[in-house]
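Here are my notes after a first pass through the model. Have a look at the structure, then see whether you read it as I do.

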Amino acid sequence: MKRRLGFCLAAVVIFLAMGRLCQAASSQELIAEAKLFDGAHVLYGGEVIGEVLRRGDHAWINVYDGDNAIGVWVPAVLAEKIEHAGSYKCSGDRIRLHGIFHRACPEHGGGLDIHAQDLLVVEPGQQIIEDLDDRKILVLAVLLGVLICLLMVRIFLKKRARK
Amino acid sequence: MILKPQTLDIRIILHFLGKIILGFGMMMVLPVAVSVMFGETVPVVDFAIGLIASISTGVLCILVARLDKHPEMNWMHGMVVVSLGWLVCMVLGAIPLYLSGHWKTFLDACFESMSALATTGLSLVQDLDHLSHGANFWRHLMMFLGGQGIVVVALSFLVKGGAGAFRMYVGEGRDEKILPNVAETAKFIWLVSLVYFVVGTLLLALCGHLSAGLSLREAVFHGACIFMAAFDTGGFSPQSQSIIYYQDGLFEFGTIIVMVWGAINFNLHYAIWNGKRKELWKDIEVRTFVITLGLVTLLAAAALAKGHVYGTIIGLVRRGLYQIISAHTTTGFSTIYSPQFILEWKSLALLAIIVAMGMGASICSTTGGIKMLRIGLIAKAFREDVKRFLMSDSSVVSTKFHHLKDMFLDDKLVRSAALMTIAYVLVYLFGTAAACFAGYPLLESLFESTSAAGNVGLSCGITQVGMPVFLKVVYIIQMWAGRLEFVSVLVLGGFIVSCIRGK
């Protein structure tokens, strides 16, 4: 436990030190000021969404910061840290990463991306428990009643027409 | 003097409207099945509400109509049924979306629903990356239904073929029958679409699993959704980043194949199915598409290369050409972020993509926009006129073209093509003026308006949850009118006027 805490503290210190060298940026800033950030070391954070897309010794993760999701190219070793990716049933790990931003990455077909050099899971994701609103059940029951009545009227009218 | 519609007219309209709603509503069983497969409980209840609301509405319409004999439908009935049917299906389709809680208002859910049905692809969804598989599947399924035609759904299962059925079929923006009987045509469209769906889903799932790195289950789900959106030139995607999410060239290539395949006239699909592959290269629509695609690509590539927007040829193809093909087939998939169009693309490249969106692809396909046949005919008419000036007064100039068969160009055809082109341009300008009125710059307004009315779905950033309500309504009208090619919408307008002012 102590070793784990020590490791986390060291990681936080390293990240704070990097923060002095790198510029923290949101997805909106990165997209709007892409030319300015092109090739720069950036700090970016958000929720990992979708799936971790593994490609040999690297992987793609898509990190959503509340406005946009940006593709991050990470070494497979770093990708191993991610345990939850955001979906309907799960909130993704919230991560903070440091890497080089590319406006039109020459290695990846001119895409806007970040090549991560380090990554820290700030808050692990968790399962989302579905919450069924009772009012929906009530509406469903009422609608079902209406439909049954309509079908009965239809059957009655058909029988009468046959007579 | 305007004649007021009689009770029988309204009953005939209600009868067929009810059948269309029933056909559409029954389709909600499919997202219920998807939700069950993925173990999602709440979406099952949402779709059950939507399903029962739709079936109740359909049954109510048929009950109110109470027609004893098989009704005979005229052109007015057919057009009103179609245009009204699309509006009612928009509202019913929006119910499960709104209940999911991912759309801020019911109007936003209606916007999404119309965008899906009209195969546009503009979206007002919030937090798409956490949307249930069921609701996500429904967004894409609505594109598939709208692309093939809601009326085609009803014609295939619930309405007997005949003159009345053909009138509804035409009202849905298709004026070419593939087979002599319109119900057989509808069934053929479904047969082709389902075969392509299975093959396309498998291929995209393989790309997604083996190349992009998706898990097998997600690869199949994404393959199915992306196929429906690509083949029906709709442009929705299961994740908020559109095609960027997959970060994979092979997957992008797969979507290009499906988009182009979906942009081809269904009559040509029929010819290909019957072994007449040469038709594909002889047809005026395909030829015009190849020429216009070449021209807009050249323009955009020149502008992007001059501005050093993408440093490599591969970048130019994956970020530049991809957007152009997506725009020209009126799909709306994107491999760049929306604001990048305005921030990074040069004016000439933007102009090229707006022109591509405005032109669209084939008649009798799922694409929007002016369409290649009309552009081709107008170009041929211009050439004929120039030829006429160059030759002696006594010479007779005639122009032939090949569209399913050899035909002579006549003034009636050119007039109809020109009228429809003018109508589209006016609707593009109407949306542009509305967005300018809301305070957006001209170029962005033109881009978004062309995208909405041409049923494309690319966005430069105007379409957002926070945009003015009246602009949302304008875009809904543009998507609806653009998909139905105006006539049935105008007839509905006339019908309402005659109900109010008729004697």
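1. Let's begin with the annotated stretch. Keep in mind that this is a predicted model. The UniProt record, an unreviewed entry, marks residues 137–157 of chain A as "transmembrane region". In the model, that stretch of chain A comes out as 100% helix and 0% strand. From end to end, the C-alpha atoms of residues 137–157 are 30 Å apart.

2. Now the rest of chain A. DSSP gives five helices and six strands here. Reading from the N terminus, the order is α-β-α-α-β-β-β-α-β-β-α, so the chain both opens and closes with a helix, by the DSSP assignment.

3. On packing in chain A: of its 163 residues, 34% are buried. Among contacts with a separation of 6 or more, 57% link residues 24 or more positions apart.

4. Over to chain B, where one helix pair caught my eye. How are α2 (residues 29–37) and α3 (residues 42–65) of chain B packed? Their axes lie 9 Å apart, at an angle of about 170°. Angles over 145 degrees count as roughly antiparallel, which is why α2(B) gets that label relative to α3(B).

5. Which residues make that contact? From α2(B) come B:V29, B:P31, B:V32, B:S35 and B:V36; on the α3(B) side they meet B:P43, B:V44, B:F47, B:A48 and B:L51. By class, the contact between α2(B) and α3(B) has nine nonpolar residues, one polar and no charged. The polar one is B:S35, since Ser is not among the residue types counted as nonpolar or charged.

Terms used
Residues numbered from 1 in each chain as written. Chains lettered and ligands numbered in written order. Predicted model: local features only at pLDDT ≥ 70, side-chain atom pairs only at ≥ 80, totals over all residues. UniProt positions renumbered as here; feature names shortened; annotations may be inferred. Helix = DSSP H or I, 4+ residues; strand = E, 2+ residues; numbered from the N terminus. Axes fitted to C-alpha atoms, helices over the stretch in contact; angles between N-to-C directions. Parallel < 35°, antiparallel > 145°, perpendicular 65-115°, else oblique. Contact = placed C-beta atoms within 7 Å. Buried ≥ 20, exposed ≤ 12 C-beta atoms within 10 Å, placed from the backbone.
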